[in-house]
Amino acid sequence: MAQDEPAKKTPARLLIRNIGLLLSGNLEQPILDADTVVAVDGKITTVGKKKDVDGEGATLVIDANGTTLAPGLIDSHVHPVAGDWTPRQNQIGWIDSYLHGGVTSMISAGEVHTPGRPKDVVGLKAMAIFAQRAFSAFRPGGVRIHAGAPVIEHGMVEQDFKDLAAAGVTMLGEIGLGSVKDGATARQMVAWARQFGIQSTIHTGGPSIPGSSLIDKDIVLAADADVIGHINGGHTALPDDQIVALCEKSSRALEVVHNGNERAALLTLRTARELNQLDRVILGTDSPAGSGVQPLGILRMISMLASLGEISAENAFCFATGNTAKIRKLACGRIAPGCDATFVMIDKAQHSAGKTVLESIQRGDLPGIGMVIVDGVVSVQRSRNTPPASKSPEIAR
């Protein structure tokens, strides 16, 4: 080898075998007939049956021991500030705690709890770029935080959105948390953002922090943001007829959150199902917030919607994985070749009345997490937050 020729790196090859149930994250086929997954350098290469899969050369072998493999969960609505600390609850380590709840990716809806958050255009752009840079480099336990979501204010012009996009900002914070609260102005700014590939979310319902205000269906429809944020309220939901109207008159994502109105969440789900548009439903926690930090918030939403919303547990998992990944344009959230090798391995909790993990979730129980894998690397083994699983995977080699 020439002196200046770089040494060849041995590919990291992950083999997961003896999978009892494989949840794909894809609503069109939520359960796959497969028991083996192979990934190379953090990307899935093969999904299939053991007899058809070449497992040779694996550098890491996981024996699933008959447990369930699902994509890592995505929290579509969080409010990070600085590292793994939240000033809203003055708590350290909240992101790592969510990892123990199966969350491997987070989408910032704005770093709005930052003390002294700047509201001038120069300041808000600087803060967004800083957050985007900081969280790109900082991943507690491997959790990927898509941060740097500026809250738009009056005075922003098309060039500001071009500048943000050029700096790597890909989303806006919740419209309605800043000074822009009228539909026409919001729609113009959403159009500018969309022009440069920046997604937008709109705050829906009653005020949640000082400075915010009621955002009703007319403003939401006029703004036409990519995501109807916490359609079930964060915390105060809109009247039923307005929620139904948003489902019927908009084609945008319907984000249901843990820190919202559960009755309104079920109404949203029922309406989306009647419209045959379950692919629009995504899940978030809308945390940290006044109601606290919810490490198991996404799992609890899956369980609640499956047990009370007249949908299958495997479809509920899609809301927090493949649906969100598709709408947010992420490479995770599905178990298929080419996707990120990011998984959560679960089983029914010990002593659950359900005979299987899906039946236990359908009954309203939480599953136990036995392992979390991020980009082909084991980040968590037994979760410290979920109930103990009946069976757990183990590292075989």
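Leaving aside its neighbours within four places in sequence, which residues is Glu255 in contact with? Keep that question in mind as you open the structure, which is a predicted model, and begin the tour at this residue.

**First stop: Glu255**

Select Glu255, which you will find in strand 15, the stretch of residues 253–257. Because its relative accessibility is 0%, Glu255 counts as buried, so you may need to hide part of the surroundings to see the side chain. Once neighbours within four places in sequence are set aside, the residues in contact with Glu255 are Ser76, His77, Val227, Ile228, Gly229, His230, Ile231, Asn232, Ile282 and Arg328. From that list, add His77 to your selection, and look for the polar contact between the side chains of Glu255 and His77, at 2.6 Å.

**Second stop: the sheet with strand 8**

Now select strands 8, 11 and 12, which form an open sheet of 3 strands in the order 8-11-12, with parallel pairing. At its edges stand strand 8 (73–78) and strand 12 (144–146), each of which pairs on one side only. From one strand to the next, the twist averages 20 degrees. Zoom in on strand 11 (residues 103–108), which runs parallel to strand 12 and is joined to strand 12 by 3 bridges; to see one position in detail, pick Met106, whose bridge partner in strand 12 is Ile145.

**Third stop: three helices in turn**

With the sheet still shown, add helix 8 (residues 297–308), which lies across strand 8 and strand 11 and runs at about 105 degrees to strand 8. Then add helix 7 (residues 262–274), which packs with helix 8 at an angle of about 65 degrees, the two axes being 11 Å apart. Between these two helices, the contact is made by Glu262, Ala265, Leu266 and Leu269 from helix 7, together with Met304, Leu305 and Leu308 from helix 8. The crossing of helix 7 past helix 8 is right-handed.

Next bring in helix 6 (residues 240–249), whose axis comes within 10 Å of the axis of helix 7 and crosses that axis at roughly 35 degrees. On the side of helix 6, the contact is made by Asp240, Ile243, Val244 and Cys247, while helix 7 contributes Arg263, Ala264, Leu267, Thr268 and Thr271. Helix 6 also passes helix 7 in a right-handed crossing.

**Fourth stop: helix 2 and the loop before it**

Move to helix 2 (residues 121–137), whose 17 residues reach 25 Å from the first C-alpha to the last, close to the 24 Å expected at 1.5 Å a residue. Which residues of helix 2 are buried? Colour Val121, Gly123, Leu124, Lys125, Met127, Ala128, Ala131, Gln132 and Phe135 to see them, and then show helix 1 (94–99), strand 12 and helix 3 (158–166), which are among the elements that cover these buried residues.

In the loop between strand 11 and helix 2, select Val112. Val112 has a relative accessible area of 8%, and is therefore buried. If you draw a distance from the C-alpha atom of Val112 to that of Asp163, which is 51 residues away along the chain, it should read 20 Å.

**Fifth stop: Asp226**

Asp226 is in the loop between helix 5 (217–223) and strand 14 (227–228). Is Asp226 buried or exposed? With a relative accessible area of 15%, Asp226 is buried, because buried means under 20%. A polar atom of the Asp226 side chain lies 2.9 Å from the backbone nitrogen of Ser200. Beyond four places in sequence, Asp226 is in contact with Arg194, Ile198, Gln199, Ser200, Arg252 and Ala253.

**Last stop: a mixed sheet and a hairpin**

Select the 6 strands that form an open sheet in the order 3-2-7-17-18-19, in which the pairing is mixed. Strand 3 (31–32) and strand 19 (377–380) are at the edges with a single partner strand each, so one side of each has no neighbour in the sheet. Within this sheet, strand 2 (residues 21–23) and strand 7 (residues 68–71) pair in the parallel sense over 2 bridges, and Leu21 stands opposite Thr68 in strand 7.

Finish at strand 4 (residues 36–40) and strand 5 (residues 43–48), which run antiparallel and are joined by 5 bridges. Here Val38 stands opposite Thr46 in strand 5. The hairpin of these strands has 2 residues between them, and Asp41 takes a positive phi near 50 degrees.

Terms used: Residues are numbered from 1 along each chain as its sequence is written. This is a predicted model: local features need pLDDT of at least 70, side-chain atom pairs count only at pLDDT 80 or more; totals for chains, interfaces and linings use all residues. Side-chain values use heavy atoms; hydrogens and water are left out. Helices (H or I, at least four residues) and strands (E, at least two) are DSSP runs, numbered from the N terminus. Buried means under 20% relative accessible area, exposed over 50%, partly exposed in between (1.4 Å probe, protein chains only). A polar contact is a pair of N or O atoms within 3.5 Å; within protein, one must be able to donate a hydrogen and the other to accept it, and residues adjacent in sequence count only if both atoms are side-chain atoms. Contact means heavy atoms within 4.5 Å. Two strands pair if DSSP finds at least two bridges between them. Axes are lines fitted to C-alpha atoms, for helices over the stretch in contact, and angles run from 0 to 180 degrees between N-to-C directions. The expected span of a helix is 1.5 Å times one less than its number of residues. A crossing is left-handed if the near helix is turned anticlockwise from the far one by less than a right angle, and right-handed if clockwise.
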